[in-house]
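Grab a pencil and keep the structure in view. Each exercise below sets a small task, and the worked solution walks through it.

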Amino acid sequence: MKDDIYLCYVYNPPDNSSYTKSLDEDIFELIEKDISKFSDSGKILIAGDLNARTGSQVLDFINDDQLLDKIPGFENFSPDQNLLVRYSMDEVLTTRGKNLNEICIQSGLRILNGRVQGDFIGQLTCFTPNGSSVVDYFISSESLMENISFFKVHKFFGELSDHCQISVMSKIDCRINNNINDKLQFAPSTYIWNETSSQEFITA
């Protein structure tokens, strides 16, 4: 259904890692395949550590492309929205970052970092001895952005990870089909342990 939302969690290992070199397929190529597969069925939300630095104020959409609908042959063209410029405290633009921006332009996805309430400055998400960067993202279909109410880069806890947690708040109409099977047996709210319990546990 067109109203379905497909959420994809991604980890793209560092460019020069042995894991990356052992892969048969590029992670971005896999992402593009998934975007192509699901974009006709609904809206897309991608989240994760992409190890891509997309720079500051670099467009991930085509500016002023609404002028194309005045050209013969482009009457049914759907132009990009005129979005807020995306800011980032990480001004570095890597090859992977360029690729990610291009994927967004081609597929109608938009980076939420540095553009949505809660993070208008593009806060840093990764802190290592070699420096700080923005490599963790939420990226959504352009048509889903009106439902995004908040994006946050959480406080850095170096003892847990060199990455900050990121989160997004979205307004969605959620319907859950609750098909309860009458044959299911529900576990008791309390359980009394006795001398046969250990064997019953092993058997189960």
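**Exercise 1. Find which residue in β2 is the bridge partner of Y11, then trace the pairing outward.**

Step 1: Look in strand β2, where D49 is the bridge partner of Y11. Strands here are DSSP runs of E with at least two residues, helices are runs of H or I with at least four, and both are numbered from the N terminus.

Step 2: Go back along the strands, and you meet another bridge: Y6 has I44 as its partner in β2.

Step 3: Put these into the bigger pairing. β1 (residues 4-11) and β2 run parallel, joined by eight bridges. Two strands count as paired if DSSP finds at least two bridges between them.

Step 4: Now hop from D49 to β6, where its bridge partner is D136. β2 and β6 (residues 136-141) run antiparallel, with five bridges between them.

A quick note on the ground rules: this is a predicted model, where local features need pLDDT of at least 70 and side-chain atom pairs count only at pLDDT 80 or more, while totals for chains, interfaces and linings use all residues. Residues are numbered from 1 along each chain as its sequence is written, and side-chain values use heavy atoms, leaving out hydrogens and water.

**Exercise 2. Work out the strand order of the open sheet of four strands, and say what packs on it.**

Step 1: The order is β1-β2-β6-β3, and the pairing is mixed.

Step 2: β1 and β3 are the edge strands, each pairing on one side only.

Step 3: On average, neighbouring strands of this sheet are turned by 20° against each other, direction ignored. For angles like those in the next step, axes are lines fitted to C-alpha atoms (for helices, over the stretch in contact), and values run from 0 to 180 degrees between N-to-C directions.

Step 4: Add the helices. α2 packs on the sheet and touches β1, β2 and β3, its direction making about 160° with that of β2. α3 also packs on the sheet, touching β3 and β6, and its direction makes about 140° with that of β3.

**Exercise 3. Is strand β2 buried or exposed?**

Step 1: Use the cut-offs: buried is under 20% relative accessible area, exposed is over 50%, and partly exposed lies in between (1.4 Å probe, protein chains only).

Step 2: Count along β2 (residues 42-49). Eight of its eight residues are buried, so β2 is largely enclosed by the rest of the structure.

Step 3: Compare with the whole chain, where 33% of the 204 residues count as buried.

**Exercise 4. Which residues touch the most other members of the largest nonpolar core?**

Step 1: A nonpolar core is a set of buried Ala, Val, Leu, Ile, Met, Phe, Trp, Tyr and Cys residues joined through side-chain atoms within 4.5 Å.

Step 2: Among the 18 residues of the largest one, I31, I46, L50 and I139 touch the most other members.

Step 3: See where the members come from: α2, β2, α3, β3 (109-111) and β6 each supply at least two. α2 gives the most, with four residues.

Step 4: Zoom in on I46. Setting aside neighbours within four places in sequence, its contacts (heavy atoms within 4.5 Å) are C8, V10, I31, I35, L109, Y137, F138 and I139.

Step 5: Apart from this core lies another, of 14 residues, including L83, L112, V153 and I166.
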